[in-house]
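Here is a short set of exercises to work through with the model open beside you. Try each task before reading its solution.

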Amino acid sequence: MIVMCFDLSSACIGITFAEIKAKKLTYIQTLAVIPESPSAKELGYTTKQPKAIFYNGDKFKALLKDGEYFISKQEAKKRVANFKNSTHRELLRDIGKQCGFYLEGVKPDIIAIEKNKAFNGVLTTKLLGEIAGGIYFYTGMRDLPLHDFDVSTVRSNIRKTIPTFKRYTNELHQTALDTKWEIYCRLRSYFEKNHPGLLDFSDMTMDESDSLAVFYHLYESVLKTELA
């Protein structure tokens, strides 16, 4: 059985791959997918992002082309809106391209994701919903089982089933001071004790750790029972 788990983010998507043979975890690896969106310069403007300009005593953000020194506020708003729509679309396309590459290469038998939640940023919430929609579409097209878990449920289960753990220190010399780092420490302690040498934690990002948390919850709460 090949398992693939996702932690969705607009900046970095964590993915965990795992293989289970004869009811035993035989392979597991994580990676980070970092999406790229085009800058305004790549779209023909003079700056990477909209910049503040002054015109007739008014200040607003605008994108200028070569040879332009000012444009109307109406034109500025139109260009900025088009730029946001273009970057959102291209960012989503890049995420689909990268995640699709791994989905088609790995061909998982089961997929799990962390449920989306609402953010203060509407565009971030929209983007994550669209990414999740693509994964739902893929599993439906391939007729694959898909599990989605609330982050609070995943973390609660990890705290319950990994009650004692080594408090590793990160580059900020923190020892499980925040939730993400605490969960990372619990997972690392568990895997190094129960599956030594199977997973490399040396360069693991927090997004990868979050996808590993999704896998752990799926494995402990669903797959062990199904495989028993």
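The exercises below go from the overall fold to the core, a helix, salt bridges and the surface.

This is a predicted model, in which local features need pLDDT of at least 70, side-chain atom pairs count only at pLDDT 80 or more, and totals for chains, interfaces and linings use all residues. Residues are numbered from 1 along each chain as its sequence is written, and side-chain values use heavy atoms, with hydrogens and water left out.

**Exercise 1. Describe the order of helices and strands in the protein chain.**

Step 1: Count the elements, taking helices (H or I, at least four residues) and strands (E, at least two) as DSSP runs numbered from the N terminus. The protein chain has five helices and seven strands.

Step 2: Read them off from the N terminus, which gives β-β-β-β-β-α-β-α-β-α-α-α.

Step 3: Add the burial. Of the 228 residues, 43% count as buried; buried means under 20% relative accessible area, exposed over 50%, and partly exposed in between (1.4 Å probe, protein chains only).

**Exercise 2. Find the residues that touch the most other members of the largest nonpolar core.**

Step 1: Define the core as a set of buried Ala, Val, Leu, Ile, Met, Phe, Trp, Tyr and Cys residues joined through side-chain atoms within 4.5 Å.

Step 2: Among the 33 residues of the largest core, those touching the most other members are Val-3, Leu-187, Phe-191, Leu-212, Phe-215 and Leu-218.

Step 3: Trace the contributors. At least two residues each come from S1 (2-7), S2 (13-21), S3 (24-33), S6 (110-114), H3 (151-161), H4 (179-194) and H5 (206-227). H5 gives the most, with nine residues.

Step 4: Look around Phe-215. Leaving aside neighbours within four places in sequence, its contacts (heavy atoms within 4.5 Å) are Val-3, Cys-5, Thr-16, Ala-18, Leu-25, Ile-28 and Phe-191.

**Exercise 3. Work out which elements the buried residues of H4 pack against.**

Step 1: List buried residues of H4; among them are Trp-181, Ile-183, Leu-187 and Phe-191.

Step 2: Follow their contacts, which lead to S3, H3 and H5.

**Exercise 4. Compare the salt bridges Glu-75 to Arg-79 and Lys-180 to Asp-210.**

Step 1: Apply the criterion: a side-chain nitrogen of Lys or Arg within 4 Å of a carboxyl oxygen of Asp or Glu. The structure holds 11 such bridges.

Step 2: Glu-75 and Arg-79 meet at 2.9 Å, N to O. They are four residues apart in helix H1, so about one helical turn separates them. Glu-75 is partly exposed at 28%, while Arg-79 is buried at 8%. Both belong to a salt-bridge network with Glu-68.

Step 3: Lys-180 and Asp-210 meet at 2.2 Å, N to O. This pair links distant parts of the chain, with Lys-180 in H4 and Asp-210 in H5, 30 residues apart. Lys-180 is partly exposed at 34%, and Asp-210 is buried at 5%.

**Exercise 5. Identify the loop that holds Ala-22 and Lys-23, and give their phi values.**

Step 1: Locate them: Ala-22 lies in the loop between S2 and S3, and Lys-23 is found there too.

Step 2: Check the backbone. Phi is near 50 degrees for Ala-22 and about 65 degrees for Lys-23. Most residues other than glycine have a negative phi.

Step 3: Check accessibility: Ala-22 is exposed at 79%, and Lys-23 is exposed at 56%.
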